[in-house]
Amino acid sequence: MDEVCEGKDFSFPNYEEKILELWREIKAFETQLERTKDQPEYIFYDGPPFATGLPHYGHILAGTIKDIVTRYQSMNGRHVTRRFGWDCHGLPIENEIDRRLDIKKREDVLNLGIDKYNEECRSIVTRYVREWEKIVWRTGRWIDFNNGYKTMDLNFMETVWWVFAQLYDKGLVYKGFKVMPYSTGCKTPLSNFEAGQEYRDVPDPEIMVTFPIIGDPHKAAFVAWTTTPWTLPSNLALCVNANFVYVKVRNKYSGKVYMVAESRLPALPSEKPKPSIANGSIPDTKKSNPKTKGSSSGKTGDVVDSYEVLEKVSGASLVGMKYQPLFDYFIECSESAFRVLADNYVTDDSGTGIVHCAPAFGEDDYRVCSENQIISKGENLIVAVDDDGCFTAKITDFSGQYVKDADKDIIEAVKEKGRLVKSGSFMHPYPFCPRSKTPLIYRAVPSWFIKVEELKEKLLENNKQTYWVPDFVKEKRFHNWLENARDWAVSRSRFWGTPLPVWISEDGEEVLVMDSVEKLEKLSGVKVDDLHRHKIDHITIPSSRGPEFGVLRRIADVFDCWFESGSMPYAYIHYPFENVELFEKNFPGHFVAEGLDQTRGWFYTLMVLSTALFGKPAFRNLICNGLVLAEDGKKMSKSLKNYPSPLEVIDNYGADALRLYLINSPVVRAEPLRFKKEGVHGVVRDVFLPWYNAYRFLVQNAKRLEVEGFAPFIPIDQASLQNSSNVLDQWINSATQSLVYFVRQEMDGYRLYTVVPYLLKFLDNLTNIYVRFNRKRLKGRTGEDDCRTALSTLYNVLLVSCKVMAPFTPFFTEVLYQNLRKVSNGSEESIHYCRFPQEEGKRGERIEQSVARMTTIIDLARNIRERHNKPLKTPLREMVVVHPDADFLNDIAGKLREYVLEELNVRSLEPCNDTLKYACLRAEPDFSVLGKRLGKSMGVVAKEVKGMSQEDILAFERAGEVTIAGHCLKLTDIKVIRDFKCPDGFTDKEIDATGDGDVLVILDLRADISLFEAGVAREIVNRIQKLRKKAALEPTDIVEVYFKSLDEDKSLSERVLSSQDSYIADAIGSQLLPSTMMPSQAIIIGEETFHGISGMSFVISLTRPALVFNLDAILASYAGNMKFAQGLQTYLLSRDHSVLKSEFQLGNGKITVSCIENLPPVDLFLGEHLFLTVGDYVSSTKKSE
């Protein structure tokens, strides 16, 4: 394996760029597809975005989810075709061209020419494709752009025709009127989904208008309230609620008689008389308190007192009554119109309880008027507003005016007619077109419909067959949307889209629906190579009834682009014209993923069309993500610049960090995420750096074997590692298998958000338990064989964890894998060609639980130390671990003992299963668990639980349950709390304890002299380690460490260095040498003076290893020739120390020097003629003593 740099010098973004280059070189994605081509298919549907805008975090999030799932499936031996798709038609494109060409009205397009307009649209469709490819590729997503599908391609459009033709043949298509949200800016109706995308708080007029009742003896008038005065010219009826009580009232001051709902009487203006002004004097406003005309701002009592009730009648009794129309534009409808209807959509929470109906401009208005024969459904409804939102010539007084602009003029006209009761304005949320940013109106438009309401029960049944994450989106939001599904208007009177394949004769009697290009060519005799309007609108089909019936012409409409995207599962593979077997064997598709907004968009259209076509859902599994918001909780906005660009974040922290940040957030559970780039940095800090450091530690110590002259590191096979006797090897192997099991389980359940927290815990355990507690083994201080076992275990754990995480972090895992594979024969060229790991061997649940408890014990003991200001450097005598589980105590007192003692710097550990020896037990009911279950019995049960004796609690723990007040309580219902009971004769300063309700840890805090010396030794070691770091030394760098006391009384330092020499040598990996032994030729690479360290002052020096010569032995080799001996020493001191060491290792401690001019050859032996380090010399001297 190649050497690696320190974590602080490792640039994650730079290495990701190198991996991208590697993937390009080896054609990684293409190769993966080729290698799995004969494997079972996994069908993934990629919802097409528009390429007219740049990708944002929402796209990156959805793309990451898709990439993780498809990579996982590929590593599990599935063939996953991933083709990018582009939504090419519809309003986003047309709206941009309208702005570019300054197109205001439909006629502007016709004057320009549909051909020129459509080609302008085509020219911008793929404007940002390169930018999309760059960002998608940079985020690590593997998807095929070269063979991507476009909704404007001939093959795609042909399948869309086929889909529509199938529905038509099934009787699921009809033509009619529908009142729909209508964009006057884009001159087209919008789906309810589109209409709900942008609401703004705007002021609108609110007025009350009278409609005199024909033949009423009191000359009463109905009063209707409206916030859309522009609809009044098209009024054809009034609607009441049959169940309400209505009152006929006379104003006591004006004499006017009104009919309103009794509950809405206070909404009428009080209309009190103005006080008289005598001799031109100004009245006292404080006394008179005049109101503005028509105001209802007075108190309810004032309004009611202003009216005399003449009659009370039921709403049902008003049905059929005729009234005088406000305007005479529809006077020809008088026979059936201008009468009172009843429907339950009329409410009494606002207005007057009487609603004015203009069937061309209100969904309920249209329905009610149709049901009551005011208008006939399906006939040509007169819509007095044109496509641009302006009144037609039918409305003579306001012809050509934009409807919203005409409100003021209409209110003035109503006032002049004496029909205005009250006027004002109010703020309310109003829908705007998300494209043109103009206010929407509701307008009846002729359209072709799919009978969704007829499919409702099957849609609900098919929804049950699908699996969603999170499931509440399916069970609530999507279910409710399906339950209230209405017929779908799929046609749009636009230009750039897939044309409806409907040809109709001039008399309307003959209708032909094309299901293929071939059919159109056959019937028309015209060659077709493009299905856009300007290529086929001129094509006619001779009538089958004969020449005298003329020809059939195509209707002008195009499809709603949601119909196209809903056809994607069939159209992207040109089914049924191609790929019949591929589709029919793998439908429904296995997986889709998009944002929460698609529950009313793409997810819905997919479900509707698949149900209508095949009676099945379109997909089996679905992940629905929430919205990514700016840090301030607002929608991300380019104009507000309230979010960092994705490439900026990736360039700073890497794509893997961004991927994990997004996945490990509420947004994958369909909740909103406030994006913070600091969160991405946190992923680097908390996930990738610990992970990298564990990998770096492996590489450094594997290289150290070679540096020290041992055979290169080759990992031991996994089967042999399973038999390791080391408890932490057993534990980390088991934890790795648990990681494999968990990630497999969660990925098979599409719960991506649970994986990262588990990985974080695993990495924490790997670095802070396995690597930390195994430093000696990994550094070779317990022997070569044990070192190789530990390194191989770490190697295997890293390799397996990389494979497990490869779908999530494709770059970083590839970086590690490319180096790890260098010591493994027969490894795959890329980690993404590897199979996803399977569980191998048994997981040791007991050892995993014991180590988990061990970490708890360590944390609890640290808490006690902190409480008593006893740093870890201060050794303690003893700790007692109290727990009733004998197996756990055996593990702690046995194979885990040395790790606990070393980590906590404690001399001895005593296990204790007598839970009453050091603790008092008390029981507390878990209110969060029992509250709902027990209800009123909670108080009685709680009292008895709290009153349980020590013996009762122990019996409960043994039995696992207890019956109290007739309720059976389990271990999870009652919390057993162990409060420390200090032994007799001790204070809490001498012995203290803490617990977590499961295990109790007790520490002996008393000091003694031997513990003091051990503590001083740890302080010295700590300063040495910090100096190594300060000198920028790698763990594999060999240095010699010298100690020089600056104290007059050197007895303490001498005593510490004597009693703690083995500990210090073990900790720093070499002897701590007295400064008096430092050779004159030693090169100092780090030196620092310390004062007041446990009452001592001293200097620590770090030097390069220096040779120590045995002059007597060298002289003997040269027969006492001092000149020769000095020449040899000079030569050896000039040599590179590490090279010289290697030569001695190769010669088994012997080298022959024969290259020195004028000096005879001489054999030199380590330990006889020289020593490679001062430490070696000191060790040799001690042995000889």
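This short talk covers the nonpolar cores, the cavities and some salt bridges of the structure above.

Hello everyone. Please keep in mind that this is a predicted model.

Let's start with the cores. The largest nonpolar core has 134 residues. Which residues have the most contacts inside it? They are Phe675, Trp691, Leu728, Leu752, Phe808, Met854 and Met879. Helix H24, residues 677–707, gives the most to this core, with 14 residues. If you click on Phe675 and leave aside its neighbours within four places in sequence, you will find contacts that include Tyr57, Val628, Met636, Pro644, Tyr661 and Val680. There is also a second, separate core of 68 residues, with Trp161, Ile536, Leu552 and Phe603 among them.

Now for the empty space. The structure holds 5 cavities of 30 Å³ or more, and the largest has a volume of about 130 Å³. Sixteen residues line that largest cavity, and the closest to its centre are Gly90, Leu91, Arg492, Asp560 and Cys561. Helix H4 gives the most to this lining, with 3 residues, while strands E4 and E22 each supply at least two. By class, the lining has 8 nonpolar, 3 polar and 5 charged residues.

The second largest cavity has a volume of about 60 Å³. Its lining includes Phe10, Phe12, Tyr15, Glu16, Phe688, Phe811 and Phe812. Helices H1, H23 and H30 each give two or more residues to that lining, which divides into 9 nonpolar, 1 polar and 2 charged residues.

Please remember Glu16, from that second lining, as we turn to salt bridges. The count comes to 68. In one of them, the side chains of Glu16 and Arg138 meet at 2.9 Å, N to O. Arg138 lies in helix H7 and Glu16 in helix H1, so the pair ties together parts that are 122 residues apart in sequence. Both of these residues are buried.

Next, Arg122 forms a salt bridge with Asp530, with the closest N and O atoms 2.9 Å apart. What does this pair tie together? Arg122 sits in helix H6 and Asp530 in the loop between helices H16 and H17, so the parts joined are 408 residues apart in sequence. Arg122 counts as partly exposed, at 24% relative accessibility, whereas Asp530 counts as buried, at 13%.

Another pair is Asp786 with Arg777, at 3.0 Å, N to O. Here Asp786 is partly exposed, at 26%, and Arg777 is buried, at 5%. Finally, salt bridges that share partners join Asp46, Lys66, Arg141 and Glu594 into one network.

Thanks for listening!

Technical notes
Residues numbered from 1 in each chain as written. Predicted model: local features only at pLDDT ≥ 70, side-chain atom pairs only at ≥ 80, totals over all residues. Heavy atoms only, no water. Core = buried A, V, L, I, M, F, W, Y, C linked by side-chain atoms within 4.5 Å. Buried < 20%, exposed > 50% of the residue type's maximum accessible area, 1.4 Å probe, protein only. Helix = DSSP H or I, 4+ residues; strand = E, 2+ residues; numbered from the N terminus. Contact = heavy atoms within 4.5 Å. 1 Å grid on protein atoms, 1.4 Å probe; cavity = no way out; pocket = protein on both sides within 12 Å on 5 of 7 lines; lining within 4 Å. Points joined across faces, edges and corners; volume = space filled by probe spheres on them. Nonpolar A, V, L, I, M, F, W, Y, C, P; charged D, E, K, R; others polar. Salt bridge = Lys/Arg side-chain N within 4 Å of Asp/Glu carboxyl O.
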